[in-house]
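Trainee: I have a new structure open and would like to learn how to read its strands. Could you walk me through it?

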Amino acid sequence: MFKNLIAGEWQDGHAVSRNINPSDTRDVIGEYAQADAAQADLAIAAATAAFPAWSLSTPQQRFDILDAVGTEILARRAELGDLLAREEGKTLPEAIGEVVRAGNIFKFFAGEALRPGGETLPSVRPGVGVDVTREPIGVVGLITPWNFPIAIPAWKIAPALAFGNCVVFKPADLVPGSAWALAEILSRSGLPAGVFNLVMGRGSVVGEKLLNDPRVAAISFTGSVATGQKVAAAAVARMAKFQLEMGGKNPMIVLDDADLGVAVNAAVNSGFFSTGQRCTASSRLIVTDGIHDRFIAAMVDKMKTLKIDDARKSGTDIGPVVDAGQLGQDVDYIAIAQGEGGRLAQGGERIEHNADGAPGFYLTPALITDTTAAMRINREEVFGPVVSVMRAKNYEEALALANDSPFGLASGIATTSLKYATHFKRHSQAGMVMVNLPTAGVDYHVPFGGRKGSSYGPREQGRHAAEFYTTVKTAYTQA
């Protein structure tokens with residue numbers, strides 16, 4: 001039994017959740033405690049009690065703790081990567097890469113603890129000085145998704161602690177293993193009791209408590225649009241600070257002048273790696289007339305070489321979908337697209353067993369051509385290895401199609417034209433823009449976030465994280 005961490009102690013839950021390996025559904029990774037509302041209340045109380053002292057802790061103390069956490073994560077990358085691949089389904093190299101990113105995030109924010117910044121300015125009044133400083137906001141509730149079970153928790157927990165906040169962390173029910181492993185490392189890091197609390201449980205129980213408790217000063221949420229809207233409504237009702245990262249329907253434009261190999265590799269990586277289960281995945285490909293047919297043929301050829309198998313097996317390119325519910329959604333959207341006139345050019349086949357005969361949630365990556373902007377496949381987020389293609393006459397039409405979306409997280413373009421690349425970077429309605437690169441794949445030291453229905457509130461990661469996890473104070477002094 002893997003327990004919750006509340007007020008520095010490991011506590012049993014009031015129910016149990018079984019963590020299942022999507023590569024082999026016979027494999028139970030472990031049983032994880034499920035907290036009730038009373039335990040969530042205890043965690044909030046512990047964080048509230050710990051905040052006065054922790055908020056005044058020294059930068060050196062916070063640096064030492066976060067740096068040690070980052071060092072241990074990096075030292076255990078193979079072990080933690082294996083656990084991540086086993087519970088979430090992304091391939092082992094991808095999983096290890098995510099663990100490395102989490103370790104680097106903790107080390108980055110260890111450094112930020114020593115660089116709090118601030119300004120000393122002269123007043124417009126004689127003899128008066130002005131100091132502008134940042135202070136922690138208090139108890140922060142962190143709610144994370146299943147698709148990046150260690151990196152996303154890291155990029156929320158590390159800045160929260162670096163800037164002197166206390167944390168109540170609720171990970172996704174589907175992937176508690178990586179979250180628990182991270183919490184276990186934090187429990188031995190030297191953090192005072194109550195500064196960090198892990199409360200695993202249902203969103204309708206633990207999440208609701210975090211949203212509505214007046215002691216929780218801020219909520220950082222990554223997940224679905226529907227849940228994000230609920231978070232926003234609850235936070236606004238009690239004037240709590242909130243930060244949302246939600247869906248994406250990210251476009252990648254391929255122009256006639258693109259390097260075909262670069263375009264295909266970027267599209268395959270963006271659309272299908274991590275089984276397409278990334279909010280930054282390129283799920284809409286917009287291809288101009290002159291290269292369209294050659295690009296589709298090259299995509300199909302490349303997709304035929306991809307190996308779909310157990311996530312931890314050497315040589316696997318695409319692992320399983322995370323669970324039966326997500327697999328059903330993927331299959332449904334393929335059928336919807338075909339029903340609206342799309343053509344299934346490649347893939348989209350359910351595979352019941354992997355190469356070793358183990359049952360799992362496998363689906364061959366699907367490429368759907370002949371689609372239009374009005375189709376549901378181009379409006380709604382599938383969150384799986386399902387990519388649609390739209391044809392455009394020229395760059396101008398391609399740009400209009402790319403921006404025709406309720407989402408605005410990431411976008412990409414494949415081109416050898418500096419003119420079009422420069423124009424696209426300025427005119428793409430997305431928070432992150434890639435030129436001749438996959439849309440999925442970002443650095444940990446720069447801002448992450450989108451526009452429109454994809455994001456709300458200050459950016460995550462990098463130095464911009466301070467905008468959410470601190471509040472600004474202006475102090476005037478007359479000598």
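Trainee: In which sense do β11 and strand β23 pair, and over how many bridges?

Mentor: Happy to help, and keep in mind that this is a predicted model. Strand β23 covers residues 455–456, and its pairing with β11 is antiparallel, with two bridges. To picture the pairing, find L244: Y456 in β23 stands opposite.

Trainee: Which way do β10 and β11 run, and how many bridges join them?

Mentor: These strands run parallel, and five bridges join them, with β10 spanning residues 216–222. Here you can look for I219, which has F242 of β11 opposite. Between β10 and β11 the chain passes through helix α8, residues 225–237, in a β-α-β crossover that is right-handed.

Trainee: How do I think about side chains along a strand?

Mentor: In a regular strand, side chains alternate between the two faces of the sheet. As for cover in this case, four of the five residues of β11 are buried, so this strand is mostly covered.

Trainee: Where does UniProt place the feature "active site"?

Mentor: The UniProt record, an unreviewed entry, puts that feature at E245. You will find E245 in strand β11, residues 241–245.

Trainee: Why does E245 count as buried?

Mentor: Buried means under 20% relative accessible area. E245 counts as buried because its relative accessibility is 4%.

Trainee: Which residues is E245 in contact with, leaving aside neighbours within four places in sequence?

Mentor: Among them are F221, T222 and G223, along with L409, F448 and E460. Try finding S454 and S455 too, which are also contacts of E245.

Notes: Residues are numbered from 1 along each chain as its sequence is written. This is a predicted model: local features need pLDDT of at least 70, side-chain atom pairs count only at pLDDT 80 or more; totals for chains, interfaces and linings use all residues. Side-chain values use heavy atoms; hydrogens and water are left out. UniProt positions are given in the numbering used here, feature names are shortened, and annotations may be inferred rather than shown by experiment. Buried means under 20% relative accessible area, exposed over 50%, partly exposed in between (1.4 Å probe, protein chains only). Contact means heavy atoms within 4.5 Å. Two strands pair if DSSP finds at least two bridges between them. A crossover is right-handed if, with the strands pointing away from the viewer, the path from the first strand over the helix to the second runs clockwise.
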